[in-house]
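Colleague: Before I use this model, I would like to hear how each descriptive word in your account was earned. Please set the value against the definition each time.

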Amino acid sequence: MDIERKIVLPGEEISLEGMKQGNGIYHENGKYYSYTMGVIQTYNSYANIIPLAGKYYPVRNDRVIGKVIDIAPSFWIMDIRGPYPGFLHINDTPWKNLDQDLNKILRVGDTVFLKVNEITESRQTWLSLKDAGLRKLEGGHIIMVQPTKVSRIIGKGGSMVNTIKEATGVKVQLGQNGVVWLDGPAEKVMEVRKILRFIEKEAHTSGLTDRVKKILEESR
Amino acid sequence: MSKSADEIVYGLRREYLEKISAEGNRIDGRKFDETRQAVVNINFVPRAEGSAEVRLGDTRVLVGVKVEQGVPFPDTPNSGILTTNAEMLPMASPTFESGPPSEDAIELARVVDRGIRESKMIALDKLVIKEAEKVWVVFIDMHILDYDGNLIDACSLGAVAALLNAKVPASKIGAEDYPLPINHVPITITFAKIGSIMVADPNLEEEEVASARLSVATNENGDVVAMQKGLSGSITQQELFSAVDTSIKLGKDIRKRVLGR
């Protein structure tokens with residue numbers, strides 16, 4: 001990491017130090033500026049600004065947790081906490097029978113672990129259930145976190161989320177859209193919830209995984 | 001689409017809350033008859049006759065009391081007037097819309113009003129300036145600043161706290177200002193039914209999945225002064241009686257701990 005992890009404000013000038021212009025940065029009169037309030041991070045020779053807060057913007061191949069909010073003749077309308085609803089067509093699911101009433105497969109209020117299949121030019125978001133691990137979620141609990149903090153909760157190569165899973169034994173499924181599914185005994189789920197809130201609050205600081213480990217050990 | 005995406009409850013969240021309440025747990029670790037920490041900040045608005053900001057967990061409301069002169073109703077010439085209004089600001093929750101008051105806002109204002117009116121908290125008969133001509137009108141205005149469940153209790157507590165510290169601005173008519181005459185101190189406790197369990201002071205998640213809701217207002221003598229049942233689910237006789245007992249107990253506690261009475 002060449003550029004220091006520092007918080008920038010909208011319109012603040014950024015020196016890229018040889019990195020390429022990534023997300024959240026705009027270019028004007030030969031200088032680079034930030035779009036949002038966030039933290040600079042570098043990834044594969046790109047400098048990106050990770051916003052401190054914000055809504056979820058779907059990106060292709062993101063894995064998200066969605067909620068059925070309405071049913072159309074051949075597809076479900078899902079809330080993925082984005083600016084627009086997502087659509088899940090019956091052809092993009094493992095279920096075959098087209099004559100079947102869609103209500104019998106997924107009902108309003110059901111929770112599904114999906115991926116973003118395609119985003120059209122008019123910003124229509126098409127979702128899919130056809131990939132490894134994608135399924136309807138049953139049992140467990142749903143909590144919300146800031147979508148911008150999800151990468152921090154996952155940690156480097158999944159280090160953070162694996163630490164939490166190992167220490168508490170709670171099943172954790174993270175959606176890129178900030179929806180987290182937890183399954184396990186009530187007090188353990190509560191503990192994970194507290195830790196997720198802590199990570200959200202401290203996301204911009206360094207050495208977080210070690211601190212989370214410490215908290216988990218202390219609470220045992 | 002009749003309901004917005006935020007109003008549709010995650011089905012598994014309901015199942016989960018029903019499951020853990022059957023096991024004796026609550027989502028935030030409280031006991032079934034435990035309320036969240038209430039913080040009351042009185043005289044929050046210095047220019048109002050009385051005001052209070054209440055934080056109940058993450059729920060935050062602001063209550064203002066205004067006392068002005070008005071004409072009494074023809075059928076009650078010997079009584080002051082009490083008016084209650086609730087405002088659910090869109091900034092408090094994604095499910096609150098601007099525009100005319102929603103059904104929920106009207107219910108909230110009426111339940112708070114009922115608790116205060118039926119407990120005879122304010123001695124309205126002492127608010128007469130000139131019989132049948134001029135009386136003091138007490139306006140209670142409630143603003144929801146942040147919504148995390150149980151607005152009824154937060155608003156009732158705020159309204160009571162604001163009234164307890166309110167002044168009648170009699171200096172405007174050539175007399176001296178005096179504190180609003182108070183008879184009783186009602187406290188409202190709301191319960192939500194999750195599965196077959198009644199939980200006191202539900203938070204937003206519990207409120208969302210509740211099948212029934214019951215609000216009980218009691219005064220300092222342990223008398224039930226007002227009640228409101230909400231939502232479509234049912235409540236058994238036993239649940240009703242135990243809710244009343246719990247609300248008397250919690251009411252005493254809040255009166256002493258939060259209001260210092």
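Colleague: What makes strand 15 and strand 16 of chain A a pair?

Modeller: Strand 15 and strand 16 (residues 179–183) of chain A are joined in the antiparallel sense over 4 bridges, and two strands pair if DSSP finds at least two bridges between them, so the condition is met. The strands themselves are DSSP runs of E of at least two residues, helices being runs of H or I of at least four, and both are numbered from the N terminus. Within this pairing, Leu174(A) stands opposite Val180(A) of strand 16.

Colleague: What kind of coordinates and numbering are we discussing?

Modeller: This is a predicted model, in which local features need pLDDT of at least 70 and side-chain atom pairs count only at pLDDT 80 or more, while totals for chains, interfaces and linings use all residues. Residues are numbered from 1 along each chain as its sequence is written, and chains are lettered from A and ligands numbered from 1 in the order in which they are written.

Colleague: Which strands are the edge strands of the 3-stranded open sheet of chain A, whose order is 14-16-15?

Modeller: The pairing in that sheet is antiparallel, and its edges are strand 14 (141–144) and strand 15 (171–174), each of which pairs on one side only. Neighbouring strands there are turned by 25° against each other on average, direction ignored; such angles, on a scale from 0 to 180 degrees between N-to-C directions, use axes fitted to C-alpha atoms, for helices over the stretch in contact.

Colleague: Why is one side of strand 1 and of strand 3 of chain A left without a neighbour in the sheet?

Modeller: They belong to an open sheet of 4 strands in chain A, with the order 1-6-7-3 and mixed pairing. Strand 1 (7–8) and strand 3 (20–21) stand at its edges with a single partner strand each, so one side of each has no neighbour in the sheet. Further in, strand 6 and strand 7 of chain A run antiparallel and are joined by 6 bridges, with Thr42(A) opposite Ala47(A) of strand 7.

Colleague: Why does Ser45(A) count as exposed?

Modeller: Ser45(A) has 10 C-beta neighbours inside 10 Å, and a residue is exposed if 12 or fewer other C-beta atoms, placed from the backbone, lie within 10 Å of its own, buried if 20 or more do, and partly exposed in between; Ser45(A) therefore counts as exposed. It is found in the loop between strand 6 (38–43) and strand 7 (46–51) of chain A, and it has a positive phi of about 65° although it is not a glycine.

Colleague: How do you know that Ala132(B) is partly exposed?

Modeller: The count for Ala132(B) is 13 other C-beta atoms within 10 Å, so it is placed in the partly exposed class. Ala132(B) is also not a glycine, yet its phi is near 65°, a positive value, and it is found in the loop between strand 5 (128–130) and strand 6 (134–146) of chain B.

Colleague: What makes a set of residues a nonpolar core, and how many residues has the largest one?

Modeller: A nonpolar core is a set of buried Ala, Val, Leu, Ile, Met, Phe, Trp, Tyr and Cys residues joined through C-beta atoms within 7 Å. The largest such set has 104 residues, and those with the most contacts inside it include Val61(B), Met142(B) and Leu163(B). Helix 3 (residues 151–164) of chain B gives the most to this core, with 11 residues.

Colleague: Why is this core said to lie between domain 2 and domain 3 of chain A?

Modeller: Domain 2 (63–137) and domain 3 (141–219) of chain A both give residues to this core, so it lies between them; the domain bounds come from an automatic or database domain assignment. Apart from it lies another core, of 8 residues, among them Ile14(A) and Met19(A).

Colleague: How many residues of chain A are in contact with chain B?

Modeller: Two residues are in contact if their C-beta atoms, placed from the backbone, lie within 7 Å, and 16 residues of chain A are in contact with 14 residues of chain B. Strand 8 (63–71), strand 14 and helix 4 (186–201) of chain A each supply at least two residues of the side of chain A that touches chain B, the largest share, 3 residues, coming from strand 8.
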